[in-house]
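Colleague: I am new to this structure and would like a close look at a single part of it, with enough of the surroundings to place that part. Could you take me through one loop and then step back?

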Amino acid sequence: MIQLHGRHWTRRELREHAGTLAQFAGVRLVTLGDGVERGIRCLEFRTGTGFAFQVLVDRAMDVGACEYRGAAIGWQSPTGFRHPGLHENADEGGLGWLRSFSGLLVTCGLDHTLFMDSDPAGHYHYTPRKTVDSGLHGRIANIPARLTGYGERWEGDDCILWCEGVVQQSAVFGEDLHLVRRIEARVGEHGFTLHDRVVNHGFYRTPHMFCYHINAGHPVLDEGSRYIAPISHTPWAAHADALRKQSVGYRTQPGPQSDFHEQVYEHAMAADAQGRIPVALVNEGFDGGRGIGLAVEVNRDEFPCQFQWQNYQRGQYAMGIEPSTNHVLGKPFARERGELIWLEHGDERRYTTRFSVLDGRGEIAAFEERVRAICAQPADEYPAITGRWD
């Protein structure tokens, strides 16, 4: 049964109290109409609890704005949700991705993630093409989806809001990878589940790399917010030679800073008995001590690696949770270690990820207890960098 406004409802009871479910919850297709966002199709989800989020159909069906009871959950950068028609993939030496980087979820892939790379193109058997050149985090985030459906589905007295689409990253004499994305949110809950399938639709043997750039903003991120994760050790940090230089550790987050240089860690995570890895950013001081958090849960077999991104520059204040198929040193490192994923025709990889809001100190405490039972994370704000890639 659906729980709304402090009581349980059957499907019939809801129908008796309104002419349409949209009075309480729903999913609606709209088009953004101004500035750099003009023309982007957008699906607006509302679960009836004050939890709402936007699926940007024309930006790989990524999640843009997200809020809970008026409090922002996802990060919105100065770029806005820029229309993909304005994007130039090879701009600024491969850093053009940063001109469209905004939202709760930005997908990275499908054949490349992390920093720019020039990869041998021999597997595409086209001699004029010597290399496959990829910019920061690949191409997928700025490709429009073909929307195949959206709406509501009833299972007895439970109602699931959903959408599904296909995002194609394809080239002649190149990759033909399809991202089949489905997002589901139950009415009465404050979270959603992301189901992704990446399929090699082409007939060339094709590399596959995949990462989610999940970006929490204020007020989930605030001075004193804590990063909670079952970290067994930390193999790498971009600033390993000067961990304390900016006086910002990994566990307790600061307020906005001037001239802050991004910090990135790769943490090795332990999983529970079901292979799930729960990670969160929590702000216990939010709203006079009520508390709020963003929790993300992935499957270790799907995402064996995970990064923490800290960007505390004033006006761009965000912390990223980044589950990844590969280590932070990118495609050359994956190739060297024999870890690069190759997909033959018809091969596919599946990914299931849960996003949820932690509403109040009780939910935060229960989440932290669950993580502690998996693995006690390092107490030191500046954990030793182990260099172990296990």
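Modeller: Contact here means that heavy atoms lie within 4.5 Å, and that meaning is needed for the loop I have chosen. Please keep in mind throughout that this is a predicted model.

The part in question is the loop between strand S8 (105-108) and strand S9 (117-120), where Phe115 has its place and where Thr113 lies as well. Is Thr113 buried or exposed? Thr113 has a relative accessibility of 0%, and because buried means under 20% relative accessible area, it counts as buried. If its neighbours within four places in sequence are set aside, Thr113 is in contact with Cys108, His137, Met209, Phe210 and Cys211.

Phe115, in the loop between S8 and S9, has a relative accessibility of 54%, and since the cut-off for exposed is over 50%, this residue counts as exposed. Phe115 also takes part in a nonpolar surface patch, which it makes together with Leu95, Leu98 and Met116, and the area of that patch is about 360 Å². The loop thus holds both a residue that counts as buried, Thr113, and one that counts as exposed, Phe115.

To step back from the loop, the chain as a whole has 4 helices and 25 strands. Its radius of gyration is 21 Å, close to the 21 Å that the globule rule gives for 390 residues, so the chain is as compact as a globular protein of that length. Along its principal axes, the C-alpha trace spans about 65 × 50 × 45 Å. Of the 390 residues in the chain, 58% are buried, and Thr113 counts as buried too. Among the contacts in the chain with a separation of 6 or more, 67% are accounted for by residues 24 or more positions apart. The accessible surface of the chain comes to about 16,300 Å², and carbon and sulfur atoms account for 48% of that surface.

Elsewhere in the chain, 5 strands form an open sheet, in the order S3-S4-S5-S6-S7 and with antiparallel pairing. Strand S3 (26-31) and strand S7 (71-72) are the edge strands of this sheet, each of them pairing on one side only. Within the sheet, strand S5 (residues 51-56) and strand S6 (residues 62-68) run antiparallel and are joined by 5 bridges, and Ala52 has Glu67 in S6 as its bridge partner.

Technical notes: Residues are numbered from 1 along each chain as its sequence is written. This is a predicted model: local features need pLDDT of at least 70, side-chain atom pairs count only at pLDDT 80 or more; totals for chains, interfaces and linings use all residues. Side-chain values use heavy atoms; hydrogens and water are left out. Two strands pair if DSSP finds at least two bridges between them. Helices (H or I, at least four residues) and strands (E, at least two) are DSSP runs, numbered from the N terminus. Patches are made of residues with over 30% relative accessible area and no salt bridge: like charges are joined within 9 Å, nonpolar side chains (Val, Leu, Ile, Met, Phe, Trp, Tyr) within 5 Å. Accessible areas come from the Shrake-Rupley method with a 1.4 Å probe; for residues, only the protein chains shown count as cover. A salt bridge is a side-chain nitrogen of Lys or Arg within 4 Å of a carboxyl oxygen of Asp or Glu. Buried means under 20% relative accessible area, exposed over 50%, partly exposed in between (1.4 Å probe, protein chains only). The radius of gyration is taken over C-alpha atoms; the globule rule is 2.2 Å times the number of residues to the power 0.38.
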